[in-house]
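Subject: Structure handover

Hello,

Here is the structure I said I would pass on. Please open it alongside this message; my notes come after it.

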Amino acid sequence: MHTKKVLVAGATGYLGQYLVKELKQKGFWVRVLIRREAQKELFEGVDDYHLGSITNAHSIKGVTRGIDWVFSTIGITRQKDGMTYMDVDYQGNSNLLKEALKTRVDRFQYISAINGDELRHLKIFEAKELFVDELKNSGISYSIIRPNGFFSDMRDFLAMAKKGRVYLFGNGHFKLNPIHGADLAQACVEKMTLGIAEASIGGPEVFTQNELAQTALKAWKKPVQISHLPDWIRKLTIVLLRIFTSQKTYGPIEFFLTAMARNNVADPYGVRQLQDFFDAEVQRDKAT
């Protein structure tokens, strides 16, 4: 069996960098798509680079030539450079898919986010799930991963805890199981290898929001002080943001505030513990 040749798009992002490391450790031949020459320094042992941007279809011509599998973690949390979710999450990935189809790539994995299929009304998901539809209808063998929040996303709790108090909406009983990037990268490669069409993936520990707040406060060695705000404040905030700000501003906040009002528990995977991540972040903060 020949060594699988893979392309990683979004390789410079949080998950993308872990994905490249995992693929190299597993013996894959890896090409990464980068936008700037200087980004080569982010990687070790990568076999090939393609300089281009998925929002510019011409610049990625031939990016999938000779490639067996494509992994795309491309998506934006915060819109910048005048790019919208539709420009990047939908159109950019669509450009990449067209290249993959042209060169007869065997399989294409795309990373959306937890419950994306149920939350299409949110700006951040509208574009992601539109691409999911296109991928499913393309005829290519696909793998769609909907991960829970990353450990790195939980830094918001840590930032509040540093000041001694964590604010939550409602009673704080909603649950989630965030995942470390390295564990998620391992899961992505495993699901792709097994040919799993769709999977929702989270970390090994399930927390209520109250427990998450306690874990963050513990990392700072602070007494447990949690304030529960009435849920109408959360709802009103979303409405006001939609009226008075652009989707660039409200997109990520709308997603965060919506996610805070529901359970987000995905299939448990991995070994890394959130407390260890929080403790390491606190040590790093104290050292700077």
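What follows covers two loop residues and then some strand pairing.

Please keep in mind that the model is predicted.

Loop residues

Two residues stand out by their backbone angles. Arg104 is not a glycine, yet its phi is positive, at about 55°. Arg104 sits in the loop that links helix α2 (85-102) to strand β5 (107-111). Is Arg104 buried or exposed? Arg104 has a relative accessibility of 71%, so it counts as exposed, the cut-off being over 50%.

Asn115 is the other case: its phi is also positive, at about 60°, and it is not a glycine either. Asn115 lies in the loop between β5 and α3 (123-137). Strand β5 therefore has one of these residues in the loop before it and the other in the loop after it. For Asn115 the relative accessible area is 14%. Because buried means under 20%, Asn115 is classed as buried.

Strand pairing

Which strands does β9 pair with? Strand β9 (residues 198-202) pairs with β6 (residues 141-147) in the parallel sense, over four bridges. Within this pair, Ser200 of β9 has Arg146 opposite it.

Strand β9 is also joined to β12 (residues 267-268) by two bridges, and these two strands run parallel as well. Here Ile201 of β9 has Asp267 in β12 as its bridge partner. In a regular strand, side chains alternate between the two faces of the sheet.

Regards

Methods: Residues are numbered from 1 along each chain as its sequence is written. This is a predicted model: local features need pLDDT of at least 70, side-chain atom pairs count only at pLDDT 80 or more; totals for chains, interfaces and linings use all residues. Side-chain values use heavy atoms; hydrogens and water are left out. Buried means under 20% relative accessible area, exposed over 50%, partly exposed in between (1.4 Å probe, protein chains only). Two strands pair if DSSP finds at least two bridges between them.
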